[in-house]
Amino acid sequence: MICASPLLENTSLPISTQKRLERLENHTAKVGVIGLGYVGLPLSMLLAEAGFKVTGFDIDMTKVEDLTAGRTYIRRIPQEEIQCALGRGFKATNDFAHISDMDAVIMCVPTPLREHREPDLSFVEETSRSIAPWLREGQLVILESTTYPGTTEELVIPILEAENLRGLKAQGPGVPEEQEVFYVAFSPEREDPGNDTIARRDIPKVVGGHEAIATEMAAVLYEGIFTRAVRVSSTRVAEMTKLLENIYRCVNIALVNELKLLSLKMDVDIWEVIDAAATKPFGFHPFFPGPGLGGHCIPIDPFYLSWKAKEFDFNLRFIELAGEVNEAMPGHVVNYVAEGLNKHNKAMNGAKVLMLGMAYKRDIDDLRESPSLRTMELLRERGCDVVYNDPYVPMVGKGRKYNLNMRSTPLENLDQYDCVLIMTDHSDYDYKQIVESSVLVVDTRNATKGIRSRKIVRC
Ligand SMILES: NC(=O)c1ccc[n+]([C@@H]2O[C@H](COP(=O)([O-])OP(=O)(O)OC[C@H]3O[C@@H](n4cnc5c(N)ncnc54)[C@H](O)[C@@H]3O)[C@@H](O)[C@H]2O)c1
């Protein structure tokens, strides 16, 4: 066999590491993916497709049962893909004893915020504890969950070292040659849900190991499924890279949101402005305003860094300000609904409002941190009678913050509503038809661009 990795030719590596590297390189490795959600399940599918023997681990038995029966629970992963993976040997389980058979294990568990915006690393901690007793020499452990720089070294490695039963240490600086080791790396997930313009495998994968062999092992694994792995010098650099990307988005979205509010007062069309600015062939990247931030990443991840920064007596003002601006957006939307109703001689109290779109962005079914949830709550507080329609979200149940308990209502008889509020610009909607059939349309996404009607309030 011709080995692409020069490390495979490094004979000073322990035999078990050499064998695992070889299996990673020729796609015969056994790979465990822990956390079969929006990140872990698609990753498992890519690995299975490339020939790796994949075992998915999750504590949610419904997911394990669904996958074992060949059923999907993520819209963009079709049933056939699961069934095909099962045919290739993919298994889902909640039994962590199988970790000991794996060559590599990838953690894709949630990293939410606690109530006061502190990082909640309990899932990462718990997963590290589930892996530790089953760790074997030469295994590679990768963290993919988004988190602050230092998590892999300060949280994951200490648990794996303290709680494994064989006295293994993470390979790293100062570890003696005779010590039996495992390898640890961090590699952020960079998926953009709902974006079909780039294939997932064409998004370069950043990889930073706790030391060089870990980086190389992880890069070799990811090069089996992604067109390019970008090797960086440490887990901290890889962790910070992901945060920089998300903070960049969060701050720029806050900036256009604030400029939108001013533009509305100045009677300037901000979307036209952005389109014009985007013709500049350098130095400008367009971001678009909306009703607020949503998703599991952009509204949350920046606060992982601002929390960590406090340890260094450092106050990240950009992040705090961006958070403030973005979080205020649902309140502005509600004020524009009130203004629109007012022009129709309607009070907020008792007004019938249909919200279009609960998902946090176009053409996806993800409700996490969606500004529609907060907006619905605020409208209800002001006395509106609110229902919603979303082709991707048949039901909104009890979440961490909201208990809306509501089903998507059919998109019909729009003239029965005092206001139709466009929150998510799903491409399934026929916006011309919606405007024609409605009394008042408040559009937070410029979805009605090009439609001329006095019924529309763009905000
Ligand atoms: N969703 C995205 O688009 C996206 C993009 C980039 C990065 N990320 C990051 O990836 C990570 C995972 O996000 P996600 O969207 O896949 O979350 P998710 O909630 O969709 O999935 C997480 C899965 O982990 C499982 N889980 C929780 N604790 C576990 C444990 N102890 N052992 C085994 N399984 C456990 C849950 O049951 C769930 O199935 C987060 O850190 C997130 O910030 C997500």
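**Close-up views of a predicted model**

**Figure 1. Asparagine 389 in strand S11.** Strand S11 spans residues 385–389, and asparagine 389 is found in this strand. The model is a predicted one. With a relative accessible area of 9%, asparagine 389 is buried, because buried denotes a relative accessible area under 20%. Leaving aside residues up to four places away in sequence, asparagine 389 touches Leu354, Met355, Leu356 and Gly357, together with Ser408, Thr409, Pro410, Leu411 and Tyr429. For one of these residues, threonine 409, the backbone oxygen lies 2.7 Å from a polar atom of the asparagine 389 side chain. Glutamate 211 is 178 residues apart from asparagine 389 along the chain, and a separation of 50 Å is found between the C-alpha atoms of the two residues.

**Figure 2. Polar atom pairs between the ligand and the protein.** Three pairs are described here, each with its own residue. An oxygen atom of the ligand lies 3.0 Å from a backbone N or O atom of tyrosine 38. In the side chain of threonine 127, an N or O atom is 3.3 Å from a nitrogen atom of the ligand. Arginine 368 places a polar side-chain atom 3.0 Å from an oxygen atom of the ligand. Of the 840 Å² of accessible area that the ligand has on its own, the protein covers 93%.

**Figure 3. The residue shell around the ligand.** The ligand is surrounded by 27 residues, of which Val39, Asp58, Lys63, Thr111 and Arg368 come nearest. Sorted by class, the shell comprises twelve nonpolar, seven polar and eight charged residues. Helix H5, residues 122–131, gives the most to this shell, with three residues. Both domain 1 (6–233) and domain 2 (249–458) are represented, each supplying at least three residues to the shell.

**Figure 4. Helix H10 and its surroundings.** Helix H10 covers residues 301–310 and is largely enclosed by the rest of the structure, because eight of its ten residues are buried. The buried residues of H10 are Asp301, Pro302, Phe303, Tyr304, Leu305 and Ser306, followed by Lys308 and Ala309. Helix H6 (151–163), helix H8 (235–266) and helix H11 (317–343) are among the elements that cover the buried residues of H10. As background to this view, an α-helix has 3.6 residues a turn, so residues three or four places apart point the same way.

Definitions and conventions
Residues are numbered from 1 along each chain as its sequence is written. This is a predicted model: local features need pLDDT of at least 70, side-chain atom pairs count only at pLDDT 80 or more; totals for chains, interfaces and linings use all residues. Side-chain values use heavy atoms; hydrogens and water are left out. Helices (H or I, at least four residues) and strands (E, at least two) are DSSP runs, numbered from the N terminus. Buried means under 20% relative accessible area, exposed over 50%, partly exposed in between (1.4 Å probe, protein chains only). Contact means heavy atoms within 4.5 Å. A polar contact is a pair of N or O atoms within 3.5 Å; within protein, one must be able to donate a hydrogen and the other to accept it, and residues adjacent in sequence count only if both atoms are side-chain atoms. A residue is near a molecule or strand if one of its heavy atoms lies within 4 Å of it. Accessible areas come from the Shrake-Rupley method with a 1.4 Å probe; for residues, only the protein chains shown count as cover. Ala, Val, Leu, Ile, Met, Phe, Trp, Tyr, Cys and Pro count as nonpolar, Asp, Glu, Lys and Arg as charged, and the others, Gly among them, as polar. Domain bounds come from an automatic or database domain assignment.
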